[in-house]
Amino acid sequence: MYHQSEIIAEEEGRYMSKVVLTFVSIFFVFCASSETAIHKGQKIFVKECVSCHSGGQTFIAKKTMRDWKKLMEEKGKPLAELHLKNKDAKDSWEYFESNSYEKKSKHLQDFLVEYAKDSGNVPACN
Ligand code: HEC
């Protein structure tokens, strides 16, 4: 004979495992797609930006998708100029002046926009 509370607990348990399962599947779908451009952008960010802008996601989420698109237009020119004008960012000048920056700016943009304040995404893989 079950007590009512035990029945409720069991129902909740079933509900919770459904929720967990849903999360797990979303997680996998998400990780699979992030293997592409966004993942490349993430690598760039970790390698080139984190040394000065720690906090990763928090830093990216300070700006909206529109802000990032603006900073990254014309192959990332506004973002590069902002750093090239600032002596405190001196250690980044070599990177922002490199061909590699321009060439890969699209990946970086994809990544930044993906995790912008209003994107609704949360980085979950690694
Ligand atoms: C050598 C250090 C350094 C590196 C590397 C660097 N930055 Fe910066 N960044 C700065 C400094 C200094 C400023 C200006 C002061 C500030 O706003 O924090 C700045 C400003 C910014 C701003 C404007 C901040 C704001 O609040 O409007 C953005 C956006 C930004 N950086 C993004 C990046 C990205 C993306 C990368 C990697 C591609 C990067 N930075 C690499 C030092 C750096």
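The protein chain folds into 7 helices and 0 strands. This is a predicted model. Read from the N terminus, the order of elements is α-α-α-α-α-α-α. Of the 126 residues in the protein chain, 15% count as buried. Among contacts with a separation of 6 or more, 75% join residues 24 or more positions apart.

**The nonpolar core**

The largest nonpolar core holds 12 residues. Its members are I38, I60, W68, M72, L79, A80, L108, F111, L112, V113, Y115 and A116. Two helices, α5 (73–84) and α7 (99–114), each supply at least two of these residues. Which helix gives the largest share of this core? That is α7, with 4 residues.

F111 is one of the core residues. F111 sits in helix α7. F111 is buried because 25 other C-beta atoms lie within 10 Å, and 20 or more is the cut-off for that class. Setting aside neighbours within four places in sequence, F111 contacts I38, G41, Q42 and F45. I60, also a core member, is 51 residues from F111 in sequence. In space the two are 9.3 Å apart, C-alpha to C-alpha.

A second long-range pair involves A116, another core residue. The partner is Q57, in helix α3 (residues 57–60). Q57 and A116 are 59 residues apart along the chain, and their C-alpha atoms are separated by 8.5 Å. Q57 counts as exposed, because the residue has 11 C-beta neighbours inside 10 Å and the limit for that class is 12 or fewer.

**Helices α2 and α5**

The table sets these two helices side by side.

| Helix | Residues | Length | First to last C-alpha | Buried residues |
|---|---|---|---|---|
| α2 | 37–48 | 12 residues | 16 Å | I38, G41, Q42 |
| α5 | 73–84 | 12 residues | 16 Å | G76, L79, A80 |

In α2, the reach is close to the 16 Å expected at 1.5 Å a residue. The buried residues of α2 are I38, G41 and Q42. They cover an arc of only 105 degrees around the axis, so they lie on the same side of α2. Those three residues are also among the contacts of F111.

For α5, the reach is likewise close to the 16 Å expected at 1.5 Å a residue. Where do the buried residues of α5 fall, seen down its axis? G76, L79 and A80 are buried. They fall within an arc of 105 degrees, so they line one face of the helix. The general rule helps here: an α-helix has 3.6 residues a turn, so residues three or four places apart point the same way. On the other side of α5, E74, P78 and L82 are exposed. The cover over the buried residues of α5 includes α4 (65–71), α6 (93–97) and α7. L79 and A80 also belong to the largest nonpolar core.

**Backbone angles in α5**

Two residues of α5 deserve a look at their backbone. Most residues other than glycine have a negative phi. E74 has a positive phi of about 50 degrees, although E74 is not a glycine. E74 lies in helix α5. With 11 C-beta neighbours inside 10 Å, E74 counts as exposed. K75 has a positive phi too, of about 60 degrees, and K75 is not a glycine either. K75 is also placed in helix α5. Is K75 exposed or partly exposed? K75 is partly exposed, because 14 other C-beta atoms lie within 10 Å.

**Around the ligand**

How many residues surround the ligand? There are 14, and the closest are C49, C52, D88, D91 and S92. Helix α5 gives the most to this shell, with 3 residues. By class, the shell has 6 nonpolar, 5 polar and 3 charged residues.

**In brief**

Helix α5 links several parts of this account. It supplies at least two residues to the largest nonpolar core. It gives the most to the shell around the ligand. Its buried residues line one face, and its other side has exposed residues, including E74. Helix α7 provides the largest share of the core and is part of what covers the buried residues of α5.

Methods:
Residues are numbered from 1 along each chain as its sequence is written. This is a predicted model: local features need pLDDT of at least 70, side-chain atom pairs count only at pLDDT 80 or more; totals for chains, interfaces and linings use all residues. A nonpolar core is a set of buried Ala, Val, Leu, Ile, Met, Phe, Trp, Tyr and Cys residues joined through C-beta atoms within 7 Å. The expected span of a helix is 1.5 Å times one less than its number of residues. The arc is that of the directions from the helix axis to the C-beta atoms. Two residues are in contact if their C-beta atoms, placed from the backbone, lie within 7 Å. A residue is near a molecule or strand if its C-beta atom, placed from the backbone, lies within 6 Å of it. Ala, Val, Leu, Ile, Met, Phe, Trp, Tyr, Cys and Pro count as nonpolar, Asp, Glu, Lys and Arg as charged, and the others, Gly among them, as polar.
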